[in-house]
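Colleague: I should like to learn how to read the surroundings of a ligand and the unusual backbone features of a model. May we go through them in turn?

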Amino acid sequence: MKSLKSLSNQDARLVMAHMYVAFVALFVGASMGLLQVLERSGKFTLPSWLSYYQILTVHGVILGLVLTTFFILGFMLASQSKTTGGFNKTERTIAWIGFWVMLTGTIAAATMILLNEASVLFTFYAPLQAHVVFYIGMALVIIGTWFDGFVMFKRHARFKKENPGERTPLLSFMGVVTMLMWQIASLGVAFTVVFQMIPWALGWVETIDVLLSRTLFWYFGHPLVYFWLLPAYMMWYAIMPKIIGGKIFSDSLARFTFILLLFFSIPVGFHHQLTEPGIDPFWKYLQVVLTMVVVIPSMMTAFSMFATFEARGRELGAKGLFGWIKKMPWKDARFLAPFVGMLFFIPGGAGGIINASNQMNQVVHNTMWVTGHFHLTVATTVMLTFFGITYWLVPSLTGRKFTKTMNKWGIVQTALWAIGMTIMSGAMHWQGLLGGPRRSAYSEYAGNADTAAWGGYQIAQAIGGSILFLGMIVMIIIFINLAFFAPKGKEEFPIAVVSDKAERTPKVFENWPLWIGITVGLVLFAYTIPLIDIIQSAPPGAKGYKLW
Ligand code: HAS
């Protein structure tokens, strides 16, 4: 009998292994989110054996680092396998090694957090100190991803060799760019973990250079957020057009956007450190300028999406600038979830530009505003896109159908997420503007404003967070259905073709030495002198302390 799956059995199994971990992480991490908002509302107290910082660490690490990484790698492996013709045995074996290394690291880090030995939040800022096993676990997660990255580079190169003169598949190209950015960026966090944190946690050295470790973290931390975003962009550019029945507006524009994101995602980490002493203002200024440059590829993406929707709308008889809105498949959860994600990216992106603007950053830094910002970007734009992907990817890998009933639940899920996030993230932004600090169970302590109003914001966050929790439960039910119970059948793996009106894609896009050279050049330009400064003028190192 012909297989009902969209990939070979072996590749489907590999991708699904990533998905299982991702959805367990969603359940654990989002449940902690519920506990957080309830505790912060002041109406609920955590049991004495559970600390706020412990659950905040579980929430940040498990959602921000584990769920995202496993989902993204699973999705990118799937789209590369689909568009290039599948992995060979060696490639698959390397990918499995990566998977197990990441999983071992995840279990090690999670165990330490649950034992309350690593309540250091997802940024693990020194001088907060965790058990050494936590750092080793995090290092393993990163190293594991390098294996998968290597597989993607190898498969892309093999496609080129086997199909000389042919344009490489867009999704494979995008996966390669994403992993290149990731590999270059993750060297920073790997360095601080291996050479600073592990020796310090083991007691081999007494103190740590805090500014150096934070700088190396943010060298990685900003590209980390683009590592979350780029797979969503892959879906928007290469899959969304197919779902609405249209075509890719321009293959070259999509590739160019990704190359710009590769260049400018990394040399911008200082915009997370604008209020930090010890970094020369000139270099902060320079990285703020580069941050404004990295906004451009997102603007190009918005343009490209509008063009895609409008072109399809006109094909279906729509008139005017926004006539396409009436022609979109609103009842299809595969479309609705990512589309709502895009809508949320408009205020989410605007908030990012506010954060990056030095003077305004002084108002919002370390306040609940920032928490509101990343719940719009990663927790809504990216997550709703990932949920939209799940609706077709999982059944297409398990040989099942995304039924009408599940589609209805997908629409309910999108609505719950959008309503919950509007309330929660809106209240976070407001409270932040009034100075409410982030990362605290007592965000009202700085209350020079009316503390009664502050309590109101926290109750609003609890209401929004509870709706989100319901949304998460619905998503888990859909996932379990699609993985194990939905009726057998063949679900499409939707991949769009390029519009006939698009220009031919120039060959220069495959000039990897050029792209890597420019990326490394920009990194050296933005970081060499400030890093030398930071190391040469380092104050005495800090001893570690623990939050519990
Ligand atoms: Fe950010 C802090 C600046 C994007 C995530 N960010 C964070 C943190 C996270 C995060 C997790 O400069 C907190 C880290 C921590 O724990 O401390 N961010 C930016 C800027 C952008 C940006 C300039 N951030 C993101 C994305 C994230 C993310 C994406 C996750 C995925 N962010 C900052 C700064 C800070 C920061 C500072 C530090 C703050 C501090 O002081 O601590 C830009 O990349 C945004 C560009 C985006 C746009 C939007 C384009 C819109 C599109 C949608 C089109 C819609 C359509 C539908 C087509 C310009 C593409 C339309 C339909 C209709 C019907 C209208």
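Modeller: Let us begin with the composition of the ligand shell, bearing in mind that this model is predicted. The shell around the ligand divides into 23 nonpolar, 11 polar and 1 charged residues. In total, 35 residues surround the ligand, and the closest are Y226, N361, H365, H373 and R438.

Colleague: Which polar side-chain atom lies 2.7 Å from an oxygen atom of the ligand?

Modeller: For this, one looks at pairs of N or O atoms within 3.5 Å. A polar side-chain atom of R438 lies at that distance of 2.7 Å from a ligand oxygen. The side chain of N361 places an N or O atom 2.8 Å from an oxygen atom of the ligand. For H373, an N or O atom of the side chain is 3.0 Å from a ligand nitrogen.

Colleague: Which elements give two or more residues to the shell around the ligand?

Modeller: They are α6 (210-238), α9 (281-315), α10 (333-356) and α12 (368-398). The most comes from α10, with 10 residues.

Colleague: What donor does the protein offer to the iron atom of the ligand?

Modeller: In reading a metal site, one counts the N, O and S atoms within 2.8 Å of the metal. Here the iron has a single protein donor, NE2 of H373, 2.2 Å away. H373 belongs to helix α12.

Colleague: Is R334 buried or exposed?

Modeller: The cut-off for a buried residue is a relative accessible area under 20%. R334 has a value of 13% and is therefore buried. This arginine is found in helix α10, and its side chain makes a polar contact of 2.8 Å with that of D332. Setting aside residues up to four places away in sequence, R334 touches M235, I243, G388, Y391, W392, F402 and E492.

Colleague: Where is the cis peptide bond?

Modeller: The omega angle is the one to inspect. The bond from A126 to P127 is cis, with omega near 10 degrees, and P127 lies in the loop between α3 (89-114) and α4 (132-162).

Colleague: Which residue in the loop between α3 and α4 should I examine for its phi angle?

Modeller: L121 is in that loop. Although not a glycine, L121 has a positive phi of about 65 degrees. L121 is buried, at 8% relative accessible area.

Colleague: What is the phi of R439, and how accessible is R439?

Modeller: R439 is not a glycine, yet its phi is positive, about 55 degrees. R439 lies in the loop between α13 (404-433) and α14 (451-485). With a relative accessible area of 22%, R439 is partly exposed.

Key
Residues are numbered from 1 along each chain as its sequence is written. This is a predicted model: local features need pLDDT of at least 70, side-chain atom pairs count only at pLDDT 80 or more; totals for chains, interfaces and linings use all residues. Side-chain values use heavy atoms; hydrogens and water are left out. A residue is near a molecule or strand if one of its heavy atoms lies within 4 Å of it. A polar contact is a pair of N or O atoms within 3.5 Å; within protein, one must be able to donate a hydrogen and the other to accept it, and residues adjacent in sequence count only if both atoms are side-chain atoms. Helices (H or I, at least four residues) and strands (E, at least two) are DSSP runs, numbered from the N terminus. Ala, Val, Leu, Ile, Met, Phe, Trp, Tyr, Cys and Pro count as nonpolar, Asp, Glu, Lys and Arg as charged, and the others, Gly among them, as polar. Buried means under 20% relative accessible area, exposed over 50%, partly exposed in between (1.4 Å probe, protein chains only). Contact means heavy atoms within 4.5 Å. Donors are N, O and S atoms within 2.8 Å of the metal (3.2 Å for Na, K and Ca); water is not among the atoms, so sites may look incomplete.
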